[in-house]
Each structure stands twice: as C-alpha cells, then as structure tokens.
Amino acid sequence: MSNIASRQSFGEAVTALAEKNTQIVVMDADLGKSTMTSSFAKKFPDRYIEMGIAEQNLIGTAAGLAMAGKIPFAASFTCFLVGRYETIRMSVSYAGTNVKLVGTHAGAGIGEDGYSQMGLEDIAMLRSLPNMAIVQPADDLEARQSVQWAAEYNGPVYLRLTRQKLPDLHKPDYKFQFGKADILKPFSGGNSPSTAVIFCTGGVVDSSLKAAQDLQGIGIDAAVVNIHTIKPLDEEAVKTFCSKTRNVIVAEDHNVIGGLASAISETAALAGLNIRLKRIGLESFGESGSPEGLYEKFGFTSEKISRTVQEFVKS
C-alpha cells in the first residue's frame, strides 16, 4: 500500500495486531475519526475507551491499565497529548508504565488547522524524560512495523505520526530496527568535490531523499539517513557519518530547538567531531495554510532542501 498517512497505518496496524493480542486496548480523546482509531472501535468495542476531551484522564487511565497488564495505545493530536506533559512525566515516564502514546497530526504538515493544532515542540519535551522511547516513521511500511514493535516493547513509547500522506520509501523486505538509523542513501564513493549528510525524520524524509538525488547531478555527494528512532538515538551511526563529512544538515518538521538537530549536535559535540551544522526546521510558531504551501515556506520541499544544502556546502 502506498501514499497513506502514518496515522492511517497506525489505525490499521493496531487493529490487525489486536486480533491475536487480546491485551491491546486503544483509547482516544474525542478524535477517533482523525487519529484513525475508529476502525479499532468498530471491531473491538469492548477494548476501546473513548475518554472525551480529557487528555489528562486519557494518560492517567492508560497508565492504570498498563499496571493491570494491558497494552494501552493512547491516541490524540500530538499538541493535545504532549500538552499534558506533567501527567506523562509522572504517570508514564516516572512510573515506567507500558503506555504507548500515539501523537497524530504532528508538525506543520497538518496544514490549514494552524499552529494551535500543530505539534512542533513535542520531541523537545519528551526527549527530556527518562525511559521514553520516541519513534517517528517515514512511510507506511515503517509505521506498521513501528506499531508492532511498540506492542511488543515493554516500556513507555511515543509514536509521532502525520496527517499528510507519505510516499513509500522502503522495499517490501524492509525491517524496522528500533534504535538503528536507516541509511536510505549512502555516500557514493565517487569523485564528488563536495560531500554532505542529511539526517531527517518523518514527513521530510522523502523530500530530503529527492533533494540528495538532485544534488548528485551537480557534484554534491549527499548521504541521507532516516532517523526513525529519535530516542534512543543511534549515536554510532551519527558519529560515523559526521566523521566522513563536515557538512551536516538536519531536516525535521519540528522546532529546531530540542528535537533531532539538538540530538545530532549533542552527539557530535560530545564525540569531539569537527562539523558544520545546518538546521532545517521551524524557528517560529506555525501558520495556517495548505500543507504544500507550509512546506514551501518552512523549507521542507525537495527544491528548498536542495538549495539550502547547495548554499551551505559552498559557503
């Protein structure tokens, strides 16, 4: 299946998993049609809990169910879910409960709903919490495998999902590996006069890959590394690529502070690597507009990423 949003991949995957795993329960906060949990509700009404517009109760109840041996997937818009940070901090992270937080509609890619509905600071907040695994898949196949992994993993998980559709990036034999970077385009090893690496995640992975392919034609050898697991970060992969080029670009549909760019720069700095870092992300609040228009404005299209990398490498 191709070109579907990772929120849809989640809804279909968790419903399929629940056929065999009777401990899976799904919870929502009055957004089942948007988070794609409505299909689960129809098939397993006795294992679906509609909490209403009460995300704090959603998270607390999920923690209680986890303590009782269930595997709760608690879903809402990213901004509303992580807006209840204190409850996540105490009931999920500190308590170490086996809760799967599912944040959909992440980033500026949600479009017209505007900043009040955009999760743009969520990674920064949840990265600071001990025990919290953070996963952001880049296409349908990776999303489905991420959901399966989350159901089997014992501990707090945050799945960051998109509203917009994502093109297929992986072949059918792809295997998601938690905590391991996904190298979509290695260095060519040719005689390119300039090299760079683009670390990317989620909705901007496809445009980053297209940008790198375009750059190849003008003599810039750009590797592309899909960081689906933001925490724990694959530090060895980061250090390997940062040791091969000084030109490091990070693209993420998130604020440039506290997200993937911060994780990459922290890793490189602690390793004593001599790099130049260019962050492609938001440094402001989001806006209302079409997803395509917002990706153009904030520099997430393949053309904008290609131009940014060119200017950065030549500077």
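How do the residues of the lining of the largest pocket divide into nonpolar, polar and charged? The points below take up this question first and then turn to the cavity, the sheet and the helices.

1. In this predicted model, the lining of the largest pocket is made up of seven nonpolar, six polar and three charged residues. The space in this pocket comes to about 330 Å³, and of the 16 residues that line the pocket, those closest to its centre are Gln164, Lys165, Gly203, Glu292 and Tyr295.

2. As to where the lining of the largest pocket comes from, at least two residues each are supplied by β8 (165–166), α9 (205–216) and α12 (291–297). The largest share belongs to α12, which gives three residues to the lining.

3. A search of the whole structure for cavities of 30 Å³ or more finds one, and the volume of the largest cavity is about 30 Å³. Its lining consists of Ala106, Gly107, Gln136, Arg160, Thr162, Gln164, Gly203, Asp253 and Tyr295, and by class these residues divide into two nonpolar, five polar and two charged. Gln164, Gly203 and Tyr295, which are among the residues lining the cavity, are also among those closest to the centre of the largest pocket.

4. Seven strands form an open sheet with mixed pairing, in the order β3-β2-β4-β5-β7-β6-β12. Its edge strands, β3 (48–50) and β12 (229–231), each pair on one side only, and from one strand to the next the twist averages 20 degrees.

5. At the β3 edge of this sheet, strand β2 (residues 24–28) runs parallel to β3 and is joined to it by three bridges. One residue pair can be named here, since the bridge partner of aspartate 28 in β3 is glutamate 50. Helix α1 (residues 6–18) lies across β2, β4 (71–77) and β5 (100–104), and the helix runs at about 145 degrees to β2.

6. Helix α4 (residues 55–67) packs with helix α6 (residues 85–94) at an angle of about 5 degrees, and the axes of the two helices are 9 Å apart. Angles under 35 degrees count as roughly parallel, and α4 and α6 are therefore roughly parallel to each other. On the α4 side the contact is made by Gln56, Ile59, Gly60 and Ala63, and on the α6 side by Thr87, Ile88, Ser91 and Val92. Sorted by class, this contact between α4 and α6 has four nonpolar residues, four polar residues and no charged residues.

Terms used
Residues are numbered from 1 along each chain as its sequence is written. This is a predicted model: local features need pLDDT of at least 70, side-chain atom pairs count only at pLDDT 80 or more; totals for chains, interfaces and linings use all residues. Side-chain values use heavy atoms; hydrogens and water are left out. Axes are lines fitted to C-alpha atoms, for helices over the stretch in contact, and angles run from 0 to 180 degrees between N-to-C directions. Helices (H or I, at least four residues) and strands (E, at least two) are DSSP runs, numbered from the N terminus. Angles under 35 degrees count as roughly parallel, over 145 as roughly antiparallel, 65 to 115 as roughly perpendicular and the rest as oblique. Contact means heavy atoms within 4.5 Å. Ala, Val, Leu, Ile, Met, Phe, Trp, Tyr, Cys and Pro count as nonpolar, Asp, Glu, Lys and Arg as charged, and the others, Gly among them, as polar. On a 1 Å grid over the protein atoms alone, a cavity is a set of points where a 1.4 Å probe fits but cannot get out, and a pocket is an open set with protein on both sides within 12 Å along at least five of seven lines; lining residues have an atom within 4 Å of a point. Grid points are joined across faces, edges and corners, and a volume is the space filled by probe spheres set on the points. Two strands pair if DSSP finds at least two bridges between them.
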